[in-house]
Amino acid sequence: MPLNALLLPGDVARCPTLRFGTHNVRGLTLDNIPRFTQMWDELHLGIVFIQEHWIPSVVHSVPFANKFSRRPHGRGWTVFWRYKTTSISASTAPSSTATPSEELDDSTISAGRSRGGVAIAIRTSLIRDGTVRLVGDAASVGPKDGRVISLNIDWAGHKLSMACLYLPNHAPERAQFLQDRLVPLAASAVAARRQLVWGGDFNFVHNPSLDRLTTVGGEAMVPTATTEATANVWAALPALATLVDVFRLQHPTSRHMTWLQPNGHCGSRLDRFYTSDTLSTQVVCPSNLLRSALRRCVNDSDHTVVVCHLAPLSLEHSSASSSRPTNAPPRLNISFMKDPCLSREFEEWLDLRLASLPTTDEAVKRWWLKFKSKTLKWKIRSLNRDFFFKNQHRASVEALRDTLATLTSQVNGNDTVSIRAALAEIPHVRAELGRLERELEAFYQTKTRKAWIHSKERPSIGLTKILGASRHVNIPALLDSSALIRLLVQMVSL
């Protein structure tokens with residue numbers, strides 16, 4: 001039954017939906033996680049299917065999981081991982097005594113990483129308040145090679161089997177993967193009477209003439225083939241042939257390249273969502289993203305995000321089912337919290353202030369009124385000034401990101417001249433953007449160093465007096481009168 005038949009038109013507009021997306025991140029680091037999570041916040045995603053996190057084991061995932069969970073205003077994530085394990089050299093292997101967060105930095109983790117691994121991230125608030133209910137544990141069919149993870153989820157009357165997939169690059173391996181891994185995965189969901197929702201990087205397309213672009217001799221070309229080998233294998237398997245490509249169902253002739261080669265020579269719609277036939281009428285897959293989110297994802301990865309919205313079965317299930325954060329907006333302007341360095345500075349300052357909290361109730365009340373009305377406002381205004389000052393220096397970087405987003409949009413158009421020009425321009429814009437981001441990072445490092453020098457190394461008047469009192473004690477030249485005379489003669493003769 002279609003979505004409009006389930007709910008009245010006015011109800012559809014205000015009905016909260018579960019928003020989920022799939023994103024090949026091309027390697028997670030402790031530095032790029034805040035950028036990814038901020039983008040997912042802007043898209044109001046409640047669940048994210050992640051491919052190619054490049055984390056080899058559960059030990060290495062600890063600092064990353066902490067980074068995902070520690071998000072302000074109830075925006076944290078609970079992540080379920082599947083790893084592609086690799087051998088790690090003795091020089092980079094974890095020690096038996098150090099904790100993961102102490103011993104693993106980005107360079108150490110990168111040294112033992114492999115290009116693989118999948119994960120499903122769910123907003124912690126949705127799990128905590130019971131909006132999303134997990135049934136059983138995360139499952140994986142076949143070898144644990146970091147290509148499949150499946151979760152059974154109940155939401156707003158739906159019983160879903162959600163799977164994040166990352167298919168092999170080569171056609172023979174993909175064909176075997178479809179038969180050995182995906183067919184049993186679909187069968188287990190059907191046996192449990194659950195609707196399928198599969199998302200990920202499938203590394204093939206069903207219709208190259210719509211889902212691929214390439215350049216030949218500098219000219220943008222559209223393939224003429226209407227199918228390819230893996231698509232034929234998919235169609236020949238009954239368990240998979242009945243699944244619906246949601247985007248293609250709703251946009252039969254649209255182009256939407258979700259992957260662009262870094263050199264700009266080709267692009268494909270590799271990332272997508274499949275659902276059960278009966279569920280496809282209740283899912284909406286938009287053909288575009290917010291511009292602010294688009295310019296982030298095309299720079300941090302060579303894949304863009306694909307987003308779907310799932311409607312609840314009825315209004316009685318939807319009262320608390322929105323994937324948007326439910327926290328009330330803060331009274332004070334806390335724009336500086338978007339900057340990790342300023343946010344950390346505020347936390348340290350707040351810890352120092354709270355350490356001086358009075359012990360009696362009446363004193364706490366007086367302290368809080370003064371702290372909230374004067375001290376806290378002054379500190380927040382000061383941090384906001386620093387934040388907006390930094391934003392001025394980000395202007396050139398943001399302009400280039402906007403240009404990169406425009407070029408990516410042109411690649412998905414129908415004008416072959418614009419497509420050719422965009423593919424040729426993207427590598428140059430990415431190179432210039434990388435240079436400016438390195439300069440911006442150098443600016444931040446310099447500013448941080450200067451701030452430390454001015455705030456942490458400020459002279460103390462009390463300490464100076466204490467040290468100054470004994471400065472001239474026990475100096476031999478002052479104790480021996482003859483030595484003092486010789487010293488004065490030397491000074492006069494200079």
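Helix 4, in this predicted model, covers residues 58-69 and comprises 12 residues. From its first C-alpha to its last, the helix reaches 16 Å, close to the 16 Å expected at 1.5 Å a residue. Five names make up its buried set: H60, S61, P63, F64 and F68. Viewed down the axis of helix 4, these buried residues fall within an arc of 155°, so they line one face of the helix.

The surroundings of helix 4 include two strands. The helix lies across strand 2 (47-51) and strand 3, and its direction makes an angle of about 150° with strand 3.

Strands 2 and 3 both belong to an open sheet of six strands, whose order is 3-4-2-1-16-15 and whose pairing is mixed. The edges of this sheet are strand 3 (77-82) and strand 15 (283-284), each of which pairs on one side only. Helix 4 therefore lies across a strand that forms an edge of the sheet, given that strands count as paired where DSSP finds at least two bridges between them. At the other edge, strand 15 pairs with strand 16 (residues 306-310) in the antiparallel sense, over two bridges. Within this part of the sheet, V284 stands opposite H309 of strand 16.

Two loop residues deserve attention for their backbone conformation. R26 has a phi near 55°, a positive value in a residue other than glycine. Its location is the loop that runs between strand 1 (18-24) and helix 3 (33-42); strand 1 is also a member of the six-stranded sheet. With a relative accessible area of 30%, R26 is partly exposed, because that category spans the values between 20% and 50%.

A156 likewise is not a glycine, yet its phi is positive, at about 50°. This alanine sits in the loop between strand 6 (148-155) and strand 7 (158-166). Is A156 buried or exposed? A156 is buried, since its relative accessible area is 8% and the cut-off for burial is under 20%.

The view may now be widened to the whole protein chain. The chain contains 19 helices and 16 strands. Of its 494 residues, 44% count as buried. Among contacts between residues at least 6 apart in sequence, 77% join residues at least 24 apart. The accessible surface of the chain comes to about 25600 Å², and carbon and sulfur atoms account for 57% of that surface.

Definitions and conventions. Residues are numbered from 1 along each chain as its sequence is written. This is a predicted model: local features need pLDDT of at least 70, side-chain atom pairs count only at pLDDT 80 or more; totals for chains, interfaces and linings use all residues. Side-chain values use heavy atoms; hydrogens and water are left out. Helices (H or I, at least four residues) and strands (E, at least two) are DSSP runs, numbered from the N terminus. The expected span of a helix is 1.5 Å times one less than its number of residues. Buried means under 20% relative accessible area, exposed over 50%, partly exposed in between (1.4 Å probe, protein chains only). The arc is that of the directions from the helix axis to the C-beta atoms. Contact means heavy atoms within 4.5 Å. Axes are lines fitted to C-alpha atoms, for helices over the stretch in contact, and angles run from 0 to 180 degrees between N-to-C directions. Accessible areas come from the Shrake-Rupley method with a 1.4 Å probe; for residues, only the protein chains shown count as cover.
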